[in-house]
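Hi,

Here is the structure I promised to pass on. Have a look at it first, and then read on for my notes.

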Amino acid sequence: YVNHKSSETTGFVAEAATGMDSALLNSDHIDQKKYLEMMDTITKGMNWSGELLNSRKDGGDYWVRTSISSIKDAEGRISNYLGFDEDITSEKFIQDQRDQAYKIIRGSIQYASRIQRSILPSRDTLNALLPEHFVVWKPRDVVGGDFYWCRSWKKGTLVLLADCTGHGVPGAFVTLIAHGALQQALNVAQHDDVGGIISIMHEIIQLVLGQNTAEGDSDDGLELGICFIPEDRKNLIYAGARFALYYQDDDGEVHEIKGDKKGIGYRGLPRQSGFTNHSVDCKEGRRFFMTTDGLIDQIGGEKSRGFGKKRFMKRLYETRVSNISIRETGGDLYSALEEYQGVEIRRDDIAMIGFSVP
C-alpha cells in the first residue's frame, strides 16, 4: 500500500510502486552503513527510526525522517513492514546553510583569536621579567574582552591587566583599541607616573571611539590595573581604574589597594581624568595579584550567588598557608572557580595575574 502523499513525494504513483522492492527509493548517495543497520534492526522485528537520503522517480534526491515497524502474523512471524516518512528536504537544506555559515563564522573567530593572542606577551617574556608568576586567561567565547600585558618600560617592568566592555568579538575589538592606546601612552608618559598612562589611554580611547562628545550611541571602555616595578625593586607603583591590586606576605593575609572609582574611555567622563599612584613596598616574599570581575561575579554555589571578593581572598590565604607556589596558585584559583560554578553557565571572560618581585 502507498498513500497519496507518498506518491507526491517520490513521484511513483501507487499503481507503479505497489509490490516493488523498497530499494526502489534508495539514492546512489545513501549511507550504506546506516541502511544495513536499518535492515538488520527491522528484520529482527525491532522498530527503527532515523534520517535517510532517498531518490525520487526523476532521479532527484530528497531527505526523509522515517520510522519503520514490523507487522507480525498470528504465529509471530514478520509478514509486512510499515514505514512512515516525513519529507525534511527543506529542513536539511536550511540546516546545511546554517552549518556552512557557522563554519565560516567559527573559522573567522578562530583566526581572530590568533590576532588577539599576538598582542599578549610571550611565555619567554613573562618568564624573563617575572620569574615567579602565573597567568589565567580564559575568554568565554574563544576571543574576549580581557587582556594582559607585560614589557620592559623605561627603567623597569610594566604589568597590566584590563577588562574591556563586552566579551566575544565586540570585547576583542575593544582590547585591540585599548592596546593601541597603551602603546601611544607609553611613548609620552613618565616612568614614575603610572596613573598618567591611564589618563592618556582614556583620552585616546574616547577620541578613537568618538565618545569625547555628548553625541553618539556607543559607550564603551575598560577597567584596568597597572603595576610598575622599577629596576631597584624597592617600591612597586600601582594605579587602577575601577580595579584593585591585592598583595600578601608570608602570613597569608591578603590586603587590597583599590583603584579610582572610574573606568576609562566611556562617554560622559571628563576628557582629562587623573588617576592615583600608590606606592607599595616590594618586600621579600610579597605576592601581588590582579583579577578581572569575571571571577568575582561568576554565579555558582548552592545559593547561585557570585564567587565574590571574600571567597577570592580566602582562597589566596589558603594557598599561601598551604605553601602552594605562586606558579601553582593560578591553577588552584581557577579550579576553585570551576568547582563553585558547577552547572551554571560561564558569564564572562576570566583573567588573573599574580607575581612576586624578583
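K283 counts as partly exposed, because its relative accessibility is 39%, a value that is neither under 20% nor over 50%. In this predicted model, the side chain of K283 forms a salt bridge with that of D249, at 4.0 Å from N to O. The two partners come from distant parts of the chain, 34 residues apart: K283 sits in the loop between β11 (278–281) and β12, and D249 in the loop between β9 and β10. D249 has a relative accessibility of 13% and so counts as buried.

The salt bridges in general come next. The count is 18. Another pair that links distant parts of the chain is E223 with R242: E223 belongs to strand β7 (residues 222–230), R242 to the loop between β8 (235–241) and β9, and 19 residues separate them. Their side chains meet at 3.9 Å, N to O. E223 is buried at 12% relative accessibility, whereas R242 is exposed at 56%. R242 deserves a second look for its backbone too, since its phi is positive, about 55 degrees, although the residue is not a glycine.

E75 and R77 also join their side chains in a salt bridge, here at 2.7 Å from N to O. E75 is exposed, with 61% relative accessibility. There is a network as well: E51, R65, E86, E91 and K92 are joined into one by salt bridges that share partners.

While we are on backbone angles, V142 is another residue with a positive phi, about 70 degrees, without being a glycine. You will find V142 in the loop between β4 and β5 (146–153), and at 26% relative accessibility it counts as partly exposed.

Now to the sheet. In what order do the five strands of the open sheet run? The order is β4-β15-β12-β9-β10, with antiparallel pairing. The edges are taken by β4 (133–138) and β10 (254–258); each has a single partner strand, so one side of each has no neighbour in the sheet. From one strand to the next, the twist averages 20 degrees. Within the sheet, β12 (residues 287–291) and β15 (residues 350–356) are paired in the antiparallel sense over five bridges, and R287 stands opposite S356 in β15.

Two helices go with these strands. Helix α9 (residues 309–321) packs on the sheet and touches β9 (244–248), β10, β12 and β15, with its direction at about 30 degrees to that of β9. Helix α10 (residues 326–341) lies across β4, β12 and β15, and runs at about 30 degrees to β4.

For a view from inside strand β9, try L245. L245 is buried, with a relative accessible area of 0%. Leaving aside neighbours within four places in sequence, L245 is in contact with C227, L236, Y238, H255, E256, I257, F288, F289 and M290. C227 is 18 residues away from L245 along the chain, and the C-alpha atoms of the two are separated by 8.7 Å.

Next, a pair of helices. How do α6 and α7 lie relative to each other: roughly parallel, roughly antiparallel, roughly perpendicular or oblique? The axes of α6 (residues 168–188) and α7 cross at roughly 130 degrees and come within 8 Å. That angle falls between the 115 degrees that end the perpendicular range and the 145 degrees beyond which helices count as roughly antiparallel, and α6 and α7 are therefore oblique to each other. Their crossing is right-handed. On the α6 side, I177, A178, A181, L182, Q184, A185, L186 and V188 take part in the contact; on the α7 side, they meet I197, I200, M201, I204, I205 and V208.

One more residue in α7 is worth selecting in your viewer. H202 is placed in this helix, which spans residues 194–208. Is H202 buried or exposed? H202 is buried, because its relative accessible area is 0%. Not counting residues up to four places away in sequence, H202 touches I264, G265, Y266, L269, P270, R271 and S273.

Happy to talk any of this through with you.

Best wishes

Key: Residues are numbered from 1 along each chain as its sequence is written. This is a predicted model: local features need pLDDT of at least 70, side-chain atom pairs count only at pLDDT 80 or more; totals for chains, interfaces and linings use all residues. Side-chain values use heavy atoms; hydrogens and water are left out. Helices (H or I, at least four residues) and strands (E, at least two) are DSSP runs, numbered from the N terminus. Buried means under 20% relative accessible area, exposed over 50%, partly exposed in between (1.4 Å probe, protein chains only). Contact means heavy atoms within 4.5 Å. Two strands pair if DSSP finds at least two bridges between them. Axes are lines fitted to C-alpha atoms, for helices over the stretch in contact, and angles run from 0 to 180 degrees between N-to-C directions. Angles under 35 degrees count as roughly parallel, over 145 as roughly antiparallel, 65 to 115 as roughly perpendicular and the rest as oblique. A crossing is left-handed if the near helix is turned anticlockwise from the far one by less than a right angle, and right-handed if clockwise.
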